[in-house]
Amino acid sequence: MSSKDLKVLYIAAEATPFIKIGGLGDVAGSLPIAIRREFPPGSPNGVDIRLVIPYYPHLDNFSCTPKHIVDLKIQHQDKSLKASVFLCENKQLPVYLIKGDPINFGKQVYSSEPYKDGLKFTFFSLATLALTKKLNWRPDIIHGNDWHTSAAIYALFLRRKHDVFFRNTKSLLTIHNLPYLGIGAESALREFGLPPAVSSPLPNWAQSTPLPLGLLSADQINTVSPGYAKEILTKEYGSGLEKFLQSRAKSITGILNGIDTNFWNPKTDPNIYVNYTKETLRSRSLNKAKFQESLNLKIDKNIPLIGMVTRMDYQKGVDLLPSTLRSISNRPWQAIILGSGDPKIEEDAQILENEFPSRIRAIIQYHAILARKIYAGSDMLLIPSRYEPCGLTQMIAMRYGNVPIARATGGLRDTIIDYSLGKRSTGFLFDEPSTEEFTKAIRRALDVYSDKRKWRGLQIRGMKLDHSWENSAAKYVSLYTKLTRKPMP
Ligand code: ADP
């Protein structure tokens, strides 16, 4: 460790392997590790990045033993609440875990009670700042993620005007999913002493809401793909903040997420039937056969097996699936749908399986191992998202020689090259989130599938892509460096 290291505190509501609900968990679990690996502390461009997450009561999957290191006091109305900090120090990354009453609420990371979630995440956010002071570890950058940690960004902005400790600390806020603004958490912020930003450039309705406050006060904003960074400036994707975001456009960038290429590797994945590489792609078909067998579907390598791994949410366009699959029922295919979420979408998927019992399987669950079998054993992956800040499933699919069929939006458009572009193509894209366009895209894929040589070309090109974190880690570090050089506002 050297005093010249750039000090970054990375704060997030979830991180693998401790806890993962969605893509944020993947990113927070991988990016800080990749940064520390590529820019080791003590080296000429060293970055001393540390992760902080809440110590939820249901947290498991520790790769180390958390040790209690300090207690903090966080002011809430006229009381002070205790936050206990634990450290999980492993070779890859120091991880701080914060325990406290507001974090103990409920069994879910994100509950359906926005006020209680507001208390939980505001408490957590303020504790992250208090922790740096207690440790006398002065961060150059506080890197927050989504609405859950926006209160830390806003509090930093308010405090550094009069608190010398934070005088030179800058902030970066990454948007993984803009529409989750933290609405309903407003009074929780006030109770923790964070006032609304009246007479600010934010629209009136957003002046006490966590994510807008974070976006107002962050020194730099970024999204998880260059495409989404542009889209959020438009009415269609801007969640009512587009005009405000346009006013901050110079401070908004996009850096594509990566995937953990060791964790997602068909060569070594212990949860698939047969390991393979692009050189031994032929053995991939054994995965398909065994998978068909396990699902009690007809074992036939020539029948295209369509896969889907998703949260069942309107964002993901899963509701388009029943009408789309019905409209291609005259063609041979099988489908395996894995997902959970909105009860209506779950029910529709179940109805679909009942309607096509010999060819559709709908598994309404979050099932990490089954997801891997789908990436390795199905031929194509459906991703009809209405919006997609980055999306990981398409990158995982391509790494496993699975061909994505996706809506051309956000990170999907940035990572998939449509078949019409010939020799560089890696999948199939469609423009409008409608049954018609989705159907056309699947039909195109089914047509190409019957030409084994062309299909193999798509698979190999996808498998050759490098979506490892190293690229993104370097881009983040260059953004951090630029940010530290920016004059204080
Ligand atoms: P989002 O974060 O919006 O849900 P991403 O594509 O960024 O979408 O990330 C989804 C991650 O969650 C991927 O790692 C995917 O494999 C995983 N996933 C989603 N749904 C399921 C499920 N039902 N079972 C297992 N893994 C899932």
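Ala, Val, Leu, Ile, Met, Phe, Trp, Tyr, Cys and Pro count here as nonpolar, Asp, Glu, Lys and Arg as charged, and the others, Gly among them, as polar. This is a predicted model, in which local features need pLDDT of at least 70 and side-chain atom pairs count only at pLDDT 80 or more, while totals for chains, interfaces and linings use all residues. Residues are numbered from 1 along each chain as its sequence is written, and side-chain values use heavy atoms, with hydrogens and water left out.

**View 1. Residues around the ligand.** Of the 21 residues around the ligand (those with a heavy atom within 4 Å of it), Gly23, Arg311, Lys316, Gln365 and Tyr375 come nearest. By class, this shell has nine nonpolar, eight polar and four charged residues.

**View 2. Polar contacts of the ligand.** In these contacts (pairs of N or O atoms within 3.5 Å), an oxygen atom of the ligand is 2.8 Å from a side-chain N or O atom of Lys316, and an oxygen atom of the ligand is 3.3 Å from a side-chain N or O atom of Asp26. At Leu392, a backbone N or O atom lies 2.9 Å from a ligand oxygen atom.

**View 3. Helix α2.** Helices here are DSSP runs of H or I with at least four residues. The 22 residues of α2 (residues 114-135) should span 32 Å at 1.5 Å a residue (1.5 Å times one less than the number of residues), and this agrees with the 31 Å between its end C-alpha atoms. Just after α2, Asn136 takes a positive phi of about 55 degrees.

Technical notes: A polar contact is a pair of N or O atoms within 3.5 Å; within protein, one must be able to donate a hydrogen and the other to accept it, and residues adjacent in sequence count only if both atoms are side-chain atoms. Helices (H or I, at least four residues) and strands (E, at least two) are DSSP runs, numbered from the N terminus.
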